Amino acid sequence: MVGAPAPAAPGAGTYTVVAGDSLYGISRKTGTAFNTLLSLNGLSSKSVIYPGQALQLSGTGTPSPGTPAPAPTGATYTVVRSPGSPGPAPTGATYTVVRGDTLYGISRKTGTDLNTLLARNGLGLNSLIVPGQVLQVDAGGPAPAPSPILERRTIGASVQGRPIVAYRLGTPGGRVVLVVGSIHGHEQTGETIAQRLRDSTPIPAGIDLWVILSANPDGTAANSRTNANGVNLNRNFTARWEAIDCAAYARSCAGPGGASEPETQALQSFIATIRPTVSVCWHGPDNVVDEALVYGANNKAVLGAYASIAGMRVATVPCSPSGYCTGNATQYSNSNFGGSSFVVELATLGRFGMSDATMDRHIRAVFAAANAG
Ligand SMILES: [Zn+2]
């Protein structure tokens, strides 16, 4: 072909995939040799194609005589939007899909809201994406990459044998900060935030961060406040432990003695090992930074720093049933090791009850508290 006069080659240009197409069928329909079709589009014979996808056929434009055609880049096809769904104006920024990408992951990587990403590219949540596919994303470049998990430490096991796991991120040797997503198994919003903190958040330098998603994995699995023995773990710590009548006050059952429960033992020994300067225990749904559980906290500025970023007030939530708090995790940490360990009562209980923006505010509040500690 090179050097020949330039009649339009059969099939030159692009072809837009329609429902029911196969790569082989497109090769026949367009008169483009099967292997040429694959190599021009960076595909293999097993690649997935989808309606609306534009495929290069036998090259775009005619090569000048004597000049070799440009080598295919492997990423030369683009998604075209179906007519009638223009979507928001593109920003000019694009992202090229790589192996292993998901739409959700790309949303995170590029800092593009998931719904925006879908609308802008004419995609649905279940749309297939393939390596090499070019997507319109928000300008401003990719968000900073989340910090990697440095250590996954199993600190104990629940009554039913579920592991209790602490994840370490950030700067080992820095200021030690502990975040507990939940201790009451039905209060699950904090677990979602803890997960976001662990998986998709860059950690500021200087913070030696430990994240526990749930200190009560049996309760989380059963969506129950107590552990599998019916004990409210946040009444079971050895600090100021008092018996609470489990028949009369099932939600507050303190167990047969301080640290009678394996989950409490695991958390106590972990706290004794890492001795956090600041720890945040998420609960719900009273929507307050809780002063009542602080006893012994040596720095109230820490609570204020959290509250101001999170847009919450600092107030007292009395412990049931007596009104004063006994056997709390925060009391254990504060009275034995100093530092500032406190409860944040989130506004919601549900696992997905909070927007990404609100979760990010709570995460920034943790970092603010860490810096005030
Ligand atoms: Zn709670």
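In this predicted model, the buried residues of helix α10 pack against five elements named here in order: β7 (175–180), α5, β8 (207–212), β9 and α8 (300–310). The buried positions of α10 are M359, H362, I363, A365, V366, F367, A369 and A370. The helix itself contains 17 residues, and the distance from its first C-alpha to its last is 24 Å, close to the 24 Å expected at 1.5 Å a residue.

One of these neighbours, helix α5, covers residues 189–200, while α10 covers residues 356–372. The axes of the two helices come within 10 Å and cross at roughly 70°. Angles of 65 to 115 degrees count as roughly perpendicular, and α5 and α10 are therefore roughly perpendicular to each other. On the α5 side, the contact is made by T192, I193, R196 and L197, and on the α10 side by M359, H362 and I363. By residue type, this contact comprises 4 nonpolar, 2 polar and 1 charged. The α10 residues M359, H362 and I363 are also listed among the buried positions of that helix.

Strand β9, another element against which the buried residues of α10 pack, spans residues 278–283 and is joined to β12 by 6 bridges. The two strands run parallel. Within this pairing, C281 has V343 of β12 as its bridge partner. Strand β12 also pairs with strand β10 (residues 288–290), here in the antiparallel sense and over 3 bridges. In that pairing, V289 stands opposite V344 of β12.

Strand β12 (residues 340–345) is mostly covered, with 6 of its 6 residues buried. S340, F342 and V344 point one way from the strand, whereas S341, V343 and E345 point the other way. Residues on both sides are buried, and they include the charged residue E345. The bridge partner of C281, V343, thus belongs to one of these two sets of residues, and V344, opposite V289, belongs to the other.

Helix α7 (residues 262–274) has 13 residues, and its first and last C-alpha atoms are 18 Å apart, close to the 18 Å expected at 1.5 Å a residue. Its buried residues are P262, E263, T264, A266, L267, Q268 and I271. These buried residues pack against strands β5 (151–157) and β6 (163–170) and against helix α9 (329–337). Just after α7, R275 takes a positive phi of about 45°.

How values were computed
Residues are numbered from 1 along each chain as its sequence is written. This is a predicted model: local features need pLDDT of at least 70, side-chain atom pairs count only at pLDDT 80 or more; totals for chains, interfaces and linings use all residues. Axes are lines fitted to C-alpha atoms, for helices over the stretch in contact, and angles run from 0 to 180 degrees between N-to-C directions. Helices (H or I, at least four residues) and strands (E, at least two) are DSSP runs, numbered from the N terminus. Angles under 35 degrees count as roughly parallel, over 145 as roughly antiparallel, 65 to 115 as roughly perpendicular and the rest as oblique. Two residues are in contact if their C-beta atoms, placed from the backbone, lie within 7 Å. A residue is buried if 20 or more other C-beta atoms lie within 10 Å of its own, exposed if 12 or fewer, and partly exposed in between; C-beta atoms are placed from the backbone. Two strands pair if DSSP finds at least two bridges between them. The expected span of a helix is 1.5 Å times one less than its number of residues.
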